[in-house]
Amino acid sequence: MATSTAVRDDGGRSKSSILYNPVLRQIIYQVLTCIIIAWLIWYAASNVAENLARANMTAGFGFLNGRAGFDIAQSAIPYSSDSPFTRALLVGFINTIIIAVCGIITATIVGLLVGIGRLSSNWLIAKLCTVYVEVFRNIPPLLVIFFWYKGVLSLLPDVRESLSLPLSVFVSNRGIFMPAPIFGERFWIVPVALVVGIIGALVYRRIALKKQMATGKASPILLVSLLLIIGLPLLAFIAIGAPVTFDPPVLGKFNMRGGTVVGPEFLSLYMALSFYTAAFIAEIVRAGIKGVSKGQSEAAAALGIRPGLTTRLIILPQALRIIIPPLTSQYLNLTKNSSLAVAIGFADLVAVGGTILNQSGHSIEIIAIWMGVYVTISLATSLFMNWFNTKMALVER
Amino acid sequence: MSKKLLSAVIGTALLGLTAHTASAGTLEDVKAKGFLQCGVNGSNLAGFGAQDSSGKWTGLDVDLCRAVAAAVFGDASKVKYTPLSAKDRFPALQSGEIDMLARNTTWTINRDTALGFDFRAVNYYDGQGFMVPKKLNVKSALELSGAAVCVQSGTTTELNLADYFKANNLQYNPVVFEKQEEVDAAYQAGRCDVYTTDQSGLYSIRLSLANPADHVILPEIISKEPLGPAVRANDSKWFDIVSWAHYAMVAGEEFGVTSANVDEKLKTDNPDLKRFLGEEKDQHIGKDLGLDEKWAYNIIKQVGNYGESFNRNVGEGSPLKIARGLNALWTKGGLQYAPPIR
């Protein structure tokens with residue numbers, strides 16, 4: 001109380017000293033901050049330039065067009081040692097995206113199941129889910145990766161004594177070897193049928209919802225959608241005579257030849273990131289469900305809505321509003337944690353970039369690229385999740 | 001954040017923020033701080049850079065660090081070691097974190113120019129080879145088509161491997177790790193069929209495997225790997241000291257001076273040797289280097305000549321038992337040759 005009167009007194013005397021003017025002070029502080037930041041940036045930039053010049057090094061991204069010269073084992077796009085560095089970076093970037101997308105999908109599913117499981121009235125399921133969450137979220141992700149890589153996958157038998165599973169699938173410490181599908185000429189019809197099916201399902205859903213609004217009669221949306229999305233491509237596939245043959249892996253002198261392989265590096269990173277992040281997502285899901293007040297489900301029950309529908313139409317939409325924002329940061333965490341790939345030799349953006357950094361010596365440029373790419377991926381994820389969040393937000397009248 | 005990423009970031013940050021520390025010249029910096037910061041192999045590469053159970057560093061590269069310290073301070077023990085992985089070594093030198101790099105590093109034109117380093121002395125002439133388990137019954141690298149090959153990332157080895165397999169039209173599946181220990185573990189676990197690195201490294205790594213006799217090193221050498229110390233470019237004074245520390249060791253062997261007989265040799269009448277040991281009247285070789293006239297004497301006395309160092313670390317006196325081969329003196333059919341010290 002005393003201070004506030006004092007301030008008011010000062011305000012009255014502001015003419016005596018301009019320094020006591022709060023508006024002026026604010027401006028001075030902001031200008032000072034800007035000057036300090038600008039000076040820091042200038043200082044760092046000029047220092048880098050000066051040091052580079054002293055070491056006879058050139059800055060710039062021109063070197064990226066040079067021949068890479070090294071091979072990458074896990075590549076989703078055609079790549080050889082003759083490709084330029086940019087191509088190698090692209091391979092690493094795609095690998096990062098693949099691991100992030102696969103990890104996010106699996107982590108969400110596992111997290112959802114475990115989160116709901118923790119709320120189960122079944123004692124055993126609830127306790128098992130609690131143990132899962134407590135174990136995985138209290139171990140650093142790097143250790144989880146090593147656990148999968150060294151503790152599980154490298155204990156599998158040698159490639160020459162692979163476990164032989166049905167359908168020509170072989171499991172060894174060099175990964176899972178599977179028959180590679182070879183698509184026939186007219187196979188393109190199948191993905192086209194799939195797209196048509198999805199569009200058809202969306203259209204049907206819209207019509208059905210309109211009809212339900214008008215007449216109150218519910219249509220079997222799920223059944224029809226599934227029929228359209230799965231049935232249509234399947235029908236097309238059979239109609240054109242199933243034009244797919246398989247190239248099974250065969251043991252060569254050193255390795256399996258032919259087929260396609262999912263390496264232990266990808267597998268361990270994927271499993272570790274999925275199960276690690278799932279533990280956090282489970283807690284977020286649990287919090288979200290708990291956060292919907294009990295009165296909501298009681299009111300639904302009083303109106304005679306079935307329990308399944310209550311969860312789907314009343315609890316979940318409200319829970320999602322609580323879940324989505326923290327879920328976004330978990331997705332971002334998973335994406336960023338994928339840079340731990342370097343510890344087990346998975347060719348992600350950081351691993352490939354590190355090799356280029358060392359082969360070319362352009363550390364500043366590579367680190368700038370790393371930061372730029374991760375910021376871009378994270379912002380894109382954030383934007384999507386924010387859009388989703390707005391869509392899911394409670395429509396208030 | 002991964003350790004490598006972290007160190008790369010720190011390295012770059014240092015590159016950005018140490019504008020004024022490196023400006024005085026490395027020799028002055030080293031003298032001012034009272035010790036030499038030497039980058040060595042962080043993967044316990046026996047024979048080149050390795051730490052024993054008591055924490056003492058030994059190896060051919062470590063001896064070179066000690067020789068430089070002996071030349072600068074007259075005391076070979078004034079060295080602090082920075083263990084580095086293949087990927088971390090260049091940022092560490094560029095940023096000034098270390099004063100010199102003696103980490104079995106291949107001298108290439110790219111590293112000498114674009115990376116901003118200087119190379120001259122070669123303390124080990126090496127070449128890249130392949131190691132395979134005996135049970136695979138492979139006799140030549142040309143039979144390796146289809147194999148999974150373990151290799152350390154960010155090395156010349158990785159590039160030579162790609163070139164060799166491409167040139168010979170062989171298929172392979174690279175299994176790449178950042179640290180040598182990880183490559184060792186993967187090879188032992190059977191993740192790959194073949195281990196490739198410098199041949200000296202293969203000998204050293206084979207010793208550390210569970211059953212060294214179960215692995216063979218193939219006869220092919222697919223590259224030239226002159227391994228030597230590197231320093232930052234544009235510091236010719238420091239560059240001279242590091243280079244001549246190695247040449248002094250070689251010259252010592254040429255003169256037949258060893259750590260055991262160097263005091264006796266001080267009484268020599270040979271003017272060449274007198275000059276080398278700093279016994280000539282009013283000589284200024286040491287002064288011109290920026291050092292004491294006893295610099296070469298101190299190196300030989302405290303570290304030994306090149307032959308002693310080779311023998312103790314990688315040759316007959318070590319478990320590696322590598323023959324001198326290319327690393328014999330030029331007078332004995334090798335490539336080790338010291339320019340005249342006069």
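A residue counts as partly exposed when its relative accessible area falls between the buried limit, under 20%, and the exposed one, over 50%. With 23%, Phe280(A) is therefore partly exposed. The model here is predicted, and a search of the whole structure turns up 27 aromatic pairs over all chains. Two of the pairs are worth a look, followed by a cluster and some charges over rings.

**A stacked pair in helix α8**
- The ring centres of Phe266(A) and Tyr270(A) are 5.9 Å apart and the planes meet at 10 degrees, so this pair is stacked.
- These two residues are 4 residues apart in helix α8 (residues 264-290) of chain A, which means about one helical turn separates Phe266(A) from Tyr270(A).
- Phe266(A) is buried at 16% relative accessible area, whereas Tyr270(A), at 21%, counts as partly exposed.

**An edge-to-face pair in helix α8**
- For Tyr276(A) and Phe280(A), the centres lie 5.2 Å apart with the planes at 65 degrees, so the pair is edge-to-face.
- About one helical turn separates Tyr276(A) and Phe280(A) too, because they are 4 residues apart in helix α8 of chain A.
- Tyr276(A) is buried, its relative accessible area being 13%, while its partner Phe280(A) is the partly exposed residue from the opening.

**An aromatic cluster in chain A**
- One aromatic cluster is formed by Tyr132(A), Phe136(A), Phe147(A), Trp148(A) and Phe275(A).

**Charges over rings in chain B**
- Arg120(B) places its charged end over the ring of Phe239(B), 4.4 Å from the ring's centre.
- Over the face of Tyr297(B) you will find Lys294(B), at 4.8 Å from the ring centre.

Methods: Residues are numbered from 1 along each chain as its sequence is written. Chains are lettered from A and ligands numbered from 1 in the order in which they are written. This is a predicted model: local features need pLDDT of at least 70, side-chain atom pairs count only at pLDDT 80 or more; totals for chains, interfaces and linings use all residues. Side-chain values use heavy atoms; hydrogens and water are left out. Rings of Phe, Tyr and Trp (its six-membered ring) pair if their centres lie within 6.5 Å; planes under 30 degrees apart count as stacked, over 60 as edge-to-face and the rest as tilted. Buried means under 20% relative accessible area, exposed over 50%, partly exposed in between (1.4 Å probe, protein chains only). A charge sits over a ring if NZ of Lys or CZ of Arg is within 6 Å of the ring centre and within 35 degrees of the ring normal.
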